[in-house]
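Visitor: I would like to learn how to read features off a model. Show me how, one feature at a time.

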Amino acid sequence: MTTAAIIVAAGRGTRAGGEVPKQWRQIAGGSVAAHTVHAFRAHPEVSQIILVIHPDDHGFADPIEGVTLVHGGATRDASVFAGLQALHSDAPDRVLIHDVARPLVSEQVIHDVIAALDHAPGAAPALQVTDALWRGTDGKVTGTQDRTGLYRAQTPQGFRFADILAAHSAHSGGAADDVEVARAAGLDVTIVDGDEQNLKITTPGDFARAERLLMQRQDKNKESRMDIRVGSGYDVHAFTDGDHVILCGVTIPHERKLKGHSDADVGMHALTDAIYGALADGDIGRHFPPSDPQWKGAASDNFLRHAVALAGERGYRISNVDVTLICEQPKIGPHALAMREALSDIMGLAVDRISVKATTSERLGFTGRSEGIASMATATLIGA
């Protein structure tokens, strides 16, 4: 079953104000019409889109991709009929007819209308009226209206193509919407759930609300597409004879040094492995094999810089890192800020996104016996 959409955009929209018709006004980074078209173009069940425009509006409409432009008529139903005729030569099974001024139509509403056409010749979204209804004259309430069975109509209004084409061909004109045309032809129209956000831009104040909702939706979509990765690293180095240790790029006087093929910076090694881990790309040993003599005694910032650069090449930025050093000696607290600053210089990452802290193992195990230092690290990467 194929489904086409007709988006009616030939009106002048004078009640909305502005220098151009409302469908061409810019909101949330695009024209109202462009946002509306995108909602249907992104829907997997819609295979063709007809955009019905005023003949004078090609300058606005031509840049919109994925649509066939058709000139509309003097009335809404005339414009819809023009769109239906444009589809006739390669007729779809179903057609959705939508007001261009409803740019917030959701994927769910479109789906529900299409699904209802499996069992009915017509379907349209609507919201049940819940507010009290008044009748009034000259600004005064003159009576109330029973709201039982009343609905607020929305679009898209969907139909089996052949049925609605015949209905429009037989209609004398002047209908409020396509449901009226369909019912005049004896077609049943099923009501599906509408959406409060599927508002129709009509007055100047509607633009601000629509833009706010579109921006919220864009932010939500961006968040849902965000690629966040977290990696962890762990490293251990034993003490040997020496007079200093290097931790997170800072040289600290000490009665012994750490033993390793490189400079044995256990904190930087754990952090480097955390970044590789987030990228699912092994560890330091894979990229800088200890069997390779060129890395003997090498400064560990070489490894960290490589990991940071690799993350950038893969399209990720480092959001924050956290390093924990596990040892009895030396005392880390007095040097923690210098370590954060050193890592900041190496990584190009703000100091307030780098954590370096220490803990002991309560004199348990090899670190508790001061036989060496261990380090754990985590890194968070975000797709750029």
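Visitor: Start with helix H4. Which elements cover the buried residues of H4?

Guide: This is a predicted model. The cover over the buried residues of H4 includes strands S1, S6, S7, S11 and S12, along with helix H1. In residue numbers, H1 runs 32-41, S6 runs 94-99 and S7 runs 122-128. S11 is 157-160, and S12 is 189-193.

Visitor: Which residues of H4 are buried?

Guide: H4 spans residues 107-116, and its buried residues are Val-109, Ile-110, Val-113, Ile-114 and Ala-116. Their arc around the axis is only 165 degrees, so they sit on the same side of H4.

Visitor: Next, Asp-99. Is Asp-99 buried or exposed?

Guide: The cut-off for buried is under 20% relative accessible area. Asp-99 has 10%, so Asp-99 is buried. Its place is in strand S6, one of the elements that cover the buried residues of H4.

Visitor: What does Asp-99 touch, leaving out residues up to four places away in sequence?

Guide: Val-8, Thr-36, Arg-76, Thr-155 and Lys-200. With Arg-76 there is a side-chain polar contact of 3.0 Å.

Visitor: How far apart in space are Asp-99 and Glu-180?

Guide: Take sequence and space separately. The two residues are 81 apart in sequence, and 15 Å apart in space from C-alpha to C-alpha.

Visitor: Now pockets. How does one find empty space?

Guide: A probe the size of a water molecule is rolled over the atoms, and this shows where empty space is left. Here, the second largest pocket holds about 440 Å³ of space. Its lining counts 21 residues, and the closest to its centre are Gly-11, Arg-12, Gly-13, Lys-22 and Lys-200.

Visitor: What classes of residue make up the lining of the second largest pocket?

Guide: Eight are polar, seven nonpolar and six charged. Look at the secondary structure too. Strand S1 (3-9) and helix H3 (76-87) each give at least two residues to that lining.

Visitor: Let us turn to the backbone. Which peptide bond before Pro-156 is cis?

Guide: Read omega. The bond from Thr-155 to Pro-156 is cis, with omega near 15 degrees. Pro-156 lies in the loop between strand S10 (151-153) and S11. Another cis bond runs from Gln-329 to Pro-330, where omega is near 0 degrees. Pro-330 is in the loop between S17 and helix H11 (336-347).

Visitor: And phi? What is the value for Ala-28?

Guide: Check the sign, then the residue type. Phi of Ala-28 is near 50 degrees, positive in a residue other than glycine. Ala-28 sits in the loop between strands S2 (26-27) and S3 (30-31). With a relative accessible area of 10%, Ala-28 is buried. Ser-370 has a positive phi as well, near 60 degrees. That residue is in the loop between helix H12 (365-368) and strand S19 (372-383).

Visitor: Last, Thr-324. Where is the place of Thr-324?

Guide: In strand S17, residues 316-326. Apply the burial test again. Thr-324 counts as buried because its relative accessibility is 11%.

Visitor: Which residues does Thr-324 touch, not counting those up to four places away in sequence?

Guide: Lys-357, Thr-359, Ala-374, Ser-375 and Met-376. Then look for polar pairs. The side chains of Thr-324 and Lys-357 are joined by a polar contact of 3.0 Å.

Terms used: Residues numbered from 1 in each chain as written. Predicted model: local features only at pLDDT ≥ 70, side-chain atom pairs only at ≥ 80, totals over all residues. Heavy atoms only, no water. 1 Å grid on protein atoms, 1.4 Å probe; cavity = no way out; pocket = protein on both sides within 12 Å on 5 of 7 lines; lining within 4 Å. Points joined across faces, edges and corners; volume = space filled by probe spheres on them. Helix = DSSP H or I, 4+ residues; strand = E, 2+ residues; numbered from the N terminus. Nonpolar A, V, L, I, M, F, W, Y, C, P; charged D, E, K, R; others polar. Buried < 20%, exposed > 50% of the residue type's maximum accessible area, 1.4 Å probe, protein only. Polar contact = N/O pair within 3.5 Å; in protein donor to acceptor, adjacent residues only side chain to side chain. Contact = heavy atoms within 4.5 Å. Arc of directions from axis to C-beta.
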